[in-house]
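Reader: I am new to this structure and would like to go through it one question at a time. Please show it to me before we start.

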Amino acid sequence: MYKTEVRGSLIHGNKNYHQISSDIIAPIDQPIPLWWKAAFGISMLAFLYGVIAIYVTISQGIGTWGVNNSVGWGWEIINFVWWIGIGHAGTAFSIFLLILRQKWRTSINRAAEAMTVVAVGCAALFPAIHMGRIWLAFFIFPYPNTRGPLWVNYNSPLFWDFIAISAYLLISASFWYFGMVPDFATIRDRTTSKVKKAVYGFFAFGWTGSTKEWLRYESLSYVLGGIAAVLVVSVHSIVSTDFAVSVIPGWHTTVFPPYFVVGAIFSGFAMVMTLMIIIRKVYKFQDYITDSHLNAIAKILVFISLIMGTAYATEIFIAWYSGSQYEFFTFFRNRITGDYTFEFWAMVICNAFIPQLFWFKRVRKSLVAAFTISIFINIGMWYERFNIIITSLTKDYLPSSWTTYEPTWVEIGFYIGTLGMFAAGVLLFFKYIPMIAISEVKGVLKATSHDSNDNKINRHE
Amino acid sequence: MEKKYWSNIELLNGSVDNSAEELSNDDRSLLDIIDEEIASKPSSRRNFLKFCGFSFAGAAIASSCENPVKRAIPYLIKPEEVTPGKANHYATTYFDGYEYNSIIVKVRDGRPIKIEGNPLSSVSRGRTTARVQASILSLYDGSARLKKPEKDGSPTTWQIADGDIAARLKDIAAAGQQTVILTSNIISPSTLSLINEFLSLYPGRHVMYEPVSASAMLAANKVNFNINGIPDYHFDKAEVIVSFSADFLGTWISPGEFAFRYGIARDLQKGRNNLVKHYQFETGLTITGSKADMRYPVKPSEEPIIILQLHREISRLAGQSSTTSNNQHAAINEMAAALWNARGKSIIISGSNDPDVQLIVNDINFMLENYGSTLDLNRLLLTQRAIDSDMDLLISEMSSNAVGGIIIWNTNPVYDYHNAEGFINGLKNLKVTVSLNDTVNETNEHFRYILPASHYLESWDDAEPKTGVFSLAQPAIRNLFDTRQPQDSLLKWMGKDSDYYSYVKNYWLTNIIQEDGLDWNSVLQKGIYESDIAAAQVNYSNTLLNDAVTSLDKPVAGNKNDIEVNLYTSVAMGNGNHANNPWLMELPDPIAKVSWDNFASISSQTANDLSVTTGSLISINDLRLPVIIQPGQADSTISIALGYGHIKFGKVGTNVGTNVYPLVSVMNDNRQLYLLNASVKAEGGEYPLAISQKHGSLEGRPIVRETILSKYREKPDSGNELHAEFEEKHVTLYKETVFPGHHWGMGVDLNKCVGCNTCVIACQAENNIPVVGKDEVRRTRIMHWIRIDRYYSGGTDNPEVVFQPLPCQHCDNAPCENVCPVSATNHSNEGLNQMAYNRCIGTKYCINNCPYKVRRFNWFRYATNEKFDYNMNSDLGRMVLNPDVTVRERGVVEKCTFCVQRIQEKKLEAKIENRHLEDGEIQPACVQSCPANALVFGDLANTESKIFKLFKEPRNYHLLEELHTLPSVGYLTLVRNKEDNNHEA
């Protein structure tokens, strides 16, 4: 472990271990605040709207959506990719920073991972519901059956998708959960409520905090982290093959796997930033989620934004350079100009230009500016998926099949439903799970927090 | 547990073995046994679980498996000709009052389910048109067909009606009044003879009335040749065709037959290098105009003048006069020269209903020596017989006291006669009014007796569509409703005991087949009889020519900018009597690609003048219609399809579109399908139109490849250079698929395809394709498995048009197959791209990844769905379904199968007969129905097959071959017979 004055302390405010536990567990112990109830109520209403939309979809058919015989995928796949992208950041954040031994991750990783799990859950709904016959969805499992040679098609990116997403969901959820075990034990030990004791005790898995346990805990983190790191890269690469493997102009692109992974990390980090600013503001966690955290995220975002800009430019260049008139049409006549000009430029401006403001220290320091930009990035990333899916499908090879696509209330309702589901999930996380990894923060407290803590600790020794 | 009673102490203790006694008790139910079982066994946990398990399982089975009652009653005595699961075919005749087709009806388990052309007939040649294909559905039309006799609006019986009517007819005869039989064209010799007999008993007249008639042509031919008919047009023998507003490939006179002949004239396969040169003058763009090499948009009022100019020019060339016209149309000189050079091998036709125009057209044909070569005066077309003035005369007679009764049959003047008011008023004077129509319509309600006719597939009849060409009609099913064919009614009222079947048979045996000594059954089986006719000398007399010239040779009345309205019969709707047919309603117009509406086509110039755009509403003499900006429409004109806007019909056709028959004007005793000075103004508001193809330009993509004749002669692969290039680049890392047996393929000759949409309906009928309705069509969800893409090239004033039929391409390297996660779509070892509907989970990935966009998704449960109230949601409507083809469930993807059921059927037949399949034996529905012979289907693995040779043609290419999808469908380039090609410019 290193100690340096150069980087400054990671945890502010002269905290000791007890204070950390109290600070972070405070929202769990306190009664439910009114704003939380209101926000939860609204998100449940949104969720209910989504449930109605799903009910209509399943009971009447996909025909209640705006998709058609030329545009087979619409909002549902846009939103699927969007949520998967957001769901990317948590694990990416945790794992990569864990592997790189960036200690500042400890204040943020828990929230980021929680976000991942909820977002991937939202994402997984879309490909399921968008099936024409969801009641036969189990056909996609490679299970032994009596249907003779009928078996899943290993050539299909949708099958890869299914495997990648389920694996990712499983690993992210485990990684998140195991990380929380010591904290659940802390709550169990501190609480006076019998119910909480029982519930958190159950989830704490009998954690006692022995050295042996810590040792195993650490190894498990690294093992799961190692697996997850691969999945982080693979899951969105595979999602991108849904498009890259096809023959459709604008989809048939080798740049897609890295482009999608980077894009996903981009939107995920933006969402982390949004969420962290909210947590910091609402729960007054500025001692844990310090300016330097947001600063670091902003720096990552500006870097990724440059990659995104390069990716967009590459796509456009290749569309021209390939000499394929179909590709050329898609990019130049149906994106840069044409029916979907607004969506294209919304994407470029939100993703490639607006984040460039983070070059300025004042912008990085300003919570309002950072929050606004993070929202813009998420909107931009939504438009990116819109561009990829809709512009390519509405006008592909044969002009006779060209059409337009408009979502119906059902599709919009479904999306709103997942937003509600995400918000509700995050709110539950705020209330019932320590938002910051207590044990990990404690782990870095000694090592990196300077000031009087040092003196205290020194005195103690 | 039940209370246990005992009679003696042993029983109570269970020491007596009473099992024998219980077994003898036969009427114990299962529950008793269970009860006893429970009672007899100690109540252990094991037993408890056993019975619990049984009851849960039982309850689950009983509640979850809904067992609908299905009545499958076996034959007690099987009729000889019926084998369940095997279809019977009967030859019969389609004639709807305008269009004739000798057909073969496929009857499966007693239900007629499909119509094909009769290959023995020289008129049909095994082919049909869209309207004929769709007529099978009208048999099962529960909403439009009349189901029982009515008197004064309430149900009655045939006996009562027969008694009443016979008595009244006698009264009328006794009062010295006439009984009029008003029908559409009748070409049945037996029926005509019967009507004559009827009228000799009850004095009166037979009036034939057809809303869109060939009255002027009949009149002109009567004058010129003293014949009652229209010469047969041999487009196949023509080198130059000049057509003025005659949509002879779409709806004019005998479109199916003409398209067949036109296909021959457009044939460039097997090294042929002569093409017909086709000039078309028309107001709105038709499929015929689209096929023309030179097309000139003209206003209806300009047309007679151009014909006159052509007449003058030809007379000059013939040395009969030396005058030339001033300001003559730019095309006249070249066209006249071409015609003159092709003397005896040209055809001039006009769709005009002005006898003067037809006289001049006849004279041009005569000067060009076409009679006897391309225009056959011996075998006359007899399908058109109605004379317009007869109907007008009838109206005036009805208001006087001369007519006492009227019997109408297959006609709907209240809807389609321009003076409907006069007709309705005339009816009030009559003693008896009888309607023998078969469907609900606007006219029936004004009639006292409505005695529904049977559908033509339930009736006996015959027909003489051409001189000496006869065909028989036989019922393919017993009457579905309490209906009777009108001929039987006439016989009844004449007091005869025999039925019409014996009448027809007798008529044929004594008048038609007696000379050849043919047997009735063999003729009935073939459905047709064609007698040789001696070539008769026909004399030409042009006494009225000068009058005609004088009456036409005057400047166009009115302002040059007056908007002229041109009315036409559309390919789908014809004159409107099929308007309740959902297949035809949903069939997109071949040019505008609009279904479920008629609309006002205007040019972009006129749209600017009126400041309207596609979808705006305009009013034309108080009729409101949505606008379509139609490339190729003559400026200052509006074209509107007839046949829409029924206010009383079945559930499909009522209140769809606008009835424009009231715009018909009368000139020279004939009804003219145009209006020279309509008052047109833009109305506010948008109208949602269902347009199935929203983009018309090819965007410079090599999807349709075309060239011009001179270049083709130099280099047969002209315009198709890319094909060789892509063939050369054909490399793959993977092992190429080998087809050990058959390898099915289809060829499409773009030169022959006339865009008539027959294949679309044939496919719909064969493959149980649902009708989805206007809203769904608007959302690009039309279900047709084969579609005809229409592209424009060149300017919007007068573009070139191409039609491209597009079924599934059955790619041997199919993009759709790779991406299906559950292998629901896969490749057969015969090269078919097949769909396993049961396996499909509906991810729609295949739809996205199909570059041809031929895959269709079942967005809703179309069959048995109240919301799709067309034909599939009733037991009656579902009778038309083909049992060999799955009715697709909601949530699965479907598409063209190359009619795999037909392939399988013929393969099995060949196997049973222990022989090889013959080339051409298997015909998918589209190929079989195509009137122009543009589609070829066969085995690519057979080097002798037609399709194999067609794939070797230098004109052959594949759609998007640069994607290396290796389609099994080939297209032959389009070759236009013109000097320059807009396309390349």
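Reader: Which strand do five bridges join to S9(B)?
Author: The model is a predicted one. In it, S9(B) runs parallel to a strand made of residues 277-282 of chain B, and five bridges join the two. Within this pair, B:Ile241 has B:His278 opposite to it. The strand joined to S9(B) is S10(B).

Reader: Which helix makes a β-α-β unit with S9(B) and S10(B)?
Author: The unit is right-handed, and its two strands are S9(B) and S10(B). Its helix spans residues 255-265 of chain B and is H9.

Reader: S9(B) also pairs with S12(B) in the parallel sense; which residue in S12(B) stands opposite B:Phe244?
Author: S12 covers residues 346-350 of chain B, and five bridges hold the parallel pairing with S9(B). Opposite B:Phe244 in S12(B) stands B:Ser350.

Reader: How many of the five residues of S9(B) are buried?
Author: On one side of S9(B), B:Val240, B:Val242 and B:Phe244 are buried. On the other side B:Ile241 and B:Ser243 are buried, so both faces are covered and the strand is largely enclosed by the rest of the structure. The number of buried residues in S9(B) is five of the five.

Reader: Into which domains is chain B divided?
Author: The division runs along the chain, beginning with domain 1 at 9-64 and domain 2 at 215-381. After these come domain 3 (557-691) and domain 4 (706-976).

Reader: What distance separates the centres of domain 2 and domain 3 of chain B?
Author: The centres are taken over C-alpha atoms. Between domain 2 and domain 3 of chain B they give a separation of 26 Å.

Reader: Which helix gives the largest share of the side of domain 2 of chain B that touches domain 3 of chain B?
Author: In this contact, 21 residues of domain 2 of chain B meet 24 residues of domain 3 of chain B. Helix H8 (215-225), helix H10 (287-291) and helix H13 (355-367) of chain B each give two or more residues to the domain 2 side. That side divides into seven nonpolar, 10 polar and four charged residues. The largest share, three residues, comes from H10(B).

Reader: Which strands stand at the edges of the open sheet of seven strands in chain B?
Author: The order in this sheet is S28-S20-S25-S22-S24-S23-S29, with mixed pairing. An edge strand here has a single partner strand, so one side of it is left without a neighbour in the sheet. The strands in that position are S28 (674-675) and S29 (680-686) of chain B.

Reader: What is the bridge partner of B:Ile620 in S29(B)?
Author: Strand S23 (residues 616-620) of chain B pairs with S29(B) in the antiparallel sense, over five bridges. In S29(B), the partner of B:Ile620 is B:Val680.

Reader: Which helix gives the largest share of the largest nonpolar core?
Author: This core has 410 residues, and those with the most contacts inside it are A:Met115, A:Phe266, A:Val272, B:Leu567 and B:Leu935. Leaving aside neighbours within four places in sequence, the contacts of B:Leu567 include B:Ile640, B:Val660 and B:Tyr674. The largest share of the core, 15 residues, comes from residues 256-282 of chain A, helix H8.

Reader: Which element gives the largest share of the side of chain B that touches chain A?
Author: 42 residues of chain B are in contact with 41 residues of chain A. Helix H27 (815-819), helix H28 (845-849) and strand S37 (856-857) of chain B each give two or more residues to the chain B side. That side holds 18 nonpolar, 12 polar and 12 charged residues. Its largest share, four residues, comes from H28(B).

Reader: Is B:His964 buried or partly exposed?
Author: B:His964 lies in the loop between strand S40 (956-957) and strand S41 (969-972) of chain B, and its phi is near 60°, a positive value in a residue other than glycine. A residue needs 20 or more other C-beta atoms within 10 Å to count as buried. B:His964 has 17 of them, so it is partly exposed.

Terms used: Residues are numbered from 1 along each chain as its sequence is written. Chains are lettered from A and ligands numbered from 1 in the order in which they are written. This is a predicted model: local features need pLDDT of at least 70, side-chain atom pairs count only at pLDDT 80 or more; totals for chains, interfaces and linings use all residues. Two residues are in contact if their C-beta atoms, placed from the backbone, lie within 7 Å. Ala, Val, Leu, Ile, Met, Phe, Trp, Tyr, Cys and Pro count as nonpolar, Asp, Glu, Lys and Arg as charged, and the others, Gly among them, as polar. Two strands pair if DSSP finds at least two bridges between them. A residue is buried if 20 or more other C-beta atoms lie within 10 Å of its own, exposed if 12 or fewer, and partly exposed in between; C-beta atoms are placed from the backbone. A crossover is right-handed if, with the strands pointing away from the viewer, the path from the first strand over the helix to the second runs clockwise. Domain bounds come from an automatic or database domain assignment. A nonpolar core is a set of buried Ala, Val, Leu, Ile, Met, Phe, Trp, Tyr and Cys residues joined through C-beta atoms within 7 Å.
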